[in-house]
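Before accepting a label on a structural feature, it helps to ask what value stands behind it. Please look at the sequence and the model with that in mind.

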Amino acid sequence: MIAPEPIKKKTHLICAFSILAIVLLALIWIVKDEKELALYREEAVRIAEAERLKVERIAEADRLEMEKQEAIKRGEFTVNGVFFRMIPVEGGLFDMGSNSGESNEMPIHQVTVSDFYIGETEVTQALWEAVMGNNPSYFKGDQRPVECVSWEDICGKDDNDTTCFIYKLNRLTGAKFRLPTEAEWEYAARGGKFKHKYEFSGGDGIDTVSWYDGNSGQETHPVKRKKANELGLYDMSGNVWEWCQDRYGSYSSGSQTDPTGPASGSLLRVLRGGSWYYSARYCRVACRGSYSPDGRGVDSGFRLSLVHQ
């Protein structure tokens with residue numbers, strides 16, 4: 001049967017409107033999809049930018065960490081604008097002590113020390129102030145050694161002390177600084193593997209290597225003004241006494257490896273090197289001193305040691 005003409009027209013109109021409606025709906029969805037797509041694109045760009053910045057931050061942090069580790073290997077450090085250098089010391093075997101000095105230097109005994117770093121100079125007032133924000137020294141001068149500091153000021157009263165110099169320096173540098181052991185100190189003072197049997201650190205002529213009572217004018221002097229020893233260390237003899245990590249105790253005659261002093265007993269801590277106030281005899285590399293860990297003196301300072309990386 002053939003549909004009447006009006007019905008055909010109506011059907012055509014319905015189809016046309018249906019198609020138009022579908023097209024309009026499609027356009028609406030397209031517009032909607034375009035808006036959502038634009039939002040998605042904006043979000044994707046934002047996420048990509050955030051990831052890029054994150055990657056850049058990580059890369060920069062890695063670069064800085066690598067530079068820091070390289071500086072540690074070279075022994076070079078800068079803290080709040082103050083530069084200082086640590087000297088690598090190759091470990092070895094040496095004869096520690098003396099049989100011709102004071103009784104507490106006897107007996108001579110063999111000691112083996114591992115590789116370590118030690119400060120090129122005594123800790124200066126500039127470095128102390130950069131770390132601690134104060135300067136307790138009696139004789140003022142940025143490049144003079146810091147003095148009037150106790151063992152506890154440096155290392156803390158206990159392992160939980162966050163106010164001491166070593167703790168703050170390690171936080172600032174990410175390194176593992178400490179005081180040298182007495183064995184490390186004497187090994188370095190004697191020139192390490194070079195093992196020259198000099199009476200003083202760097203030579204037998206006291207005036208060329210040391211500030212002591214015969215030439216100091218009764219005061220400290222800026223570091224690095226006297227001749228360095230074979231390792232490039234300055235003022236190991238004289239200027240200021242230097243605190244060591246160890247408790248003070250008598251030597252034993254047996255061979256030792258990396259000794260750290262008595263684990264208990266004496267409350268005194270070791271001092272080495274002599275000072276501007278004392279005679280040449282006390283500036284000998286074998287001479288030993290001791291003092292209360294809370295004691296401060298105008299001729300007592302220190303130099304740093306560092307775990308070998």
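The questions and answers below concern this predicted model.

Q: What makes the pair of Phe77 and Phe84 stacked?
A: The centres of the two rings are 5.4 Å apart, and rings pair if their centres lie within 6.5 Å. The planes of Phe77 and Phe84 make an angle of 15°, and because planes under 30 degrees apart count as stacked, the pair of Phe77 and Phe84 is given that name. This pair belongs to the 14 aromatic pairs that a search of the whole structure finds, and both Phe77 and Phe84 are buried.

Q: Why is the pair of Tyr278 and Tyr282 called edge-to-face?
A: The ring centres of Tyr278 and Tyr282 lie 5.1 Å apart with the planes at 65°; since an angle over 60 counts as edge-to-face, the pair is classed in that way. Tyr278 and Tyr282 also belong to one aromatic cluster, whose members include Trp241 and Trp276.

Q: Why does Tyr282 count as partly exposed?
A: Its relative accessibility is 34%, and because partly exposed covers what falls between under 20% for buried and over 50% for exposed, Tyr282 takes the middle label. Tyr278, with a relative accessible area of 29%, is partly exposed by the same reasoning.

Q: Why is Arg225 counted as exposed, and why is Arg303 counted as buried?
A: Arg225, which is placed in the loop between α6 and β7, has a relative accessibility of 59%, and because exposed means over 50%, the label follows. Arg303, in the loop between β11 and β12, has 0%, and because buried means under 20%, Arg303 is given that label.

Q: What does the side chain of Arg303 reach?
A: The side chain of Arg303 comes to 2.6 Å from the backbone oxygen of Tyr234 and to 3.4 Å from that of Asp235, and each counts as a polar contact because the limit is 3.5 Å.

Q: How do you know that Arg269 lies over the face of Trp151?
A: Arg269 is at 3.9 Å from the ring centre of Trp151, and the distance part of the criterion asks for CZ of Arg within 6 Å. The charged end of Lys193 likewise sits over the ring of Phe194, at 5.9 Å from its centre.

Q: Why are the buried residues Phe165, Ile166, Leu169 and Thr173 said to be on the same side of α4?
A: They cover an arc of only 90° around the axis, and this puts them on the same side of α4.

Terms used
Residues numbered from 1 in each chain as written. Predicted model: local features only at pLDDT ≥ 70, side-chain atom pairs only at ≥ 80, totals over all residues. Heavy atoms only, no water. Phe/Tyr/Trp six-rings, centres within 6.5 Å; stacked < 30°, edge-to-face > 60°. Buried < 20%, exposed > 50% of the residue type's maximum accessible area, 1.4 Å probe, protein only. Lys NZ or Arg CZ within 6 Å of the ring centre and 35° of its normal. Arc of directions from axis to C-beta. Helix = DSSP H or I, 4+ residues; strand = E, 2+ residues; numbered from the N terminus. Polar contact = N/O pair within 3.5 Å; in protein donor to acceptor, adjacent residues only side chain to side chain.
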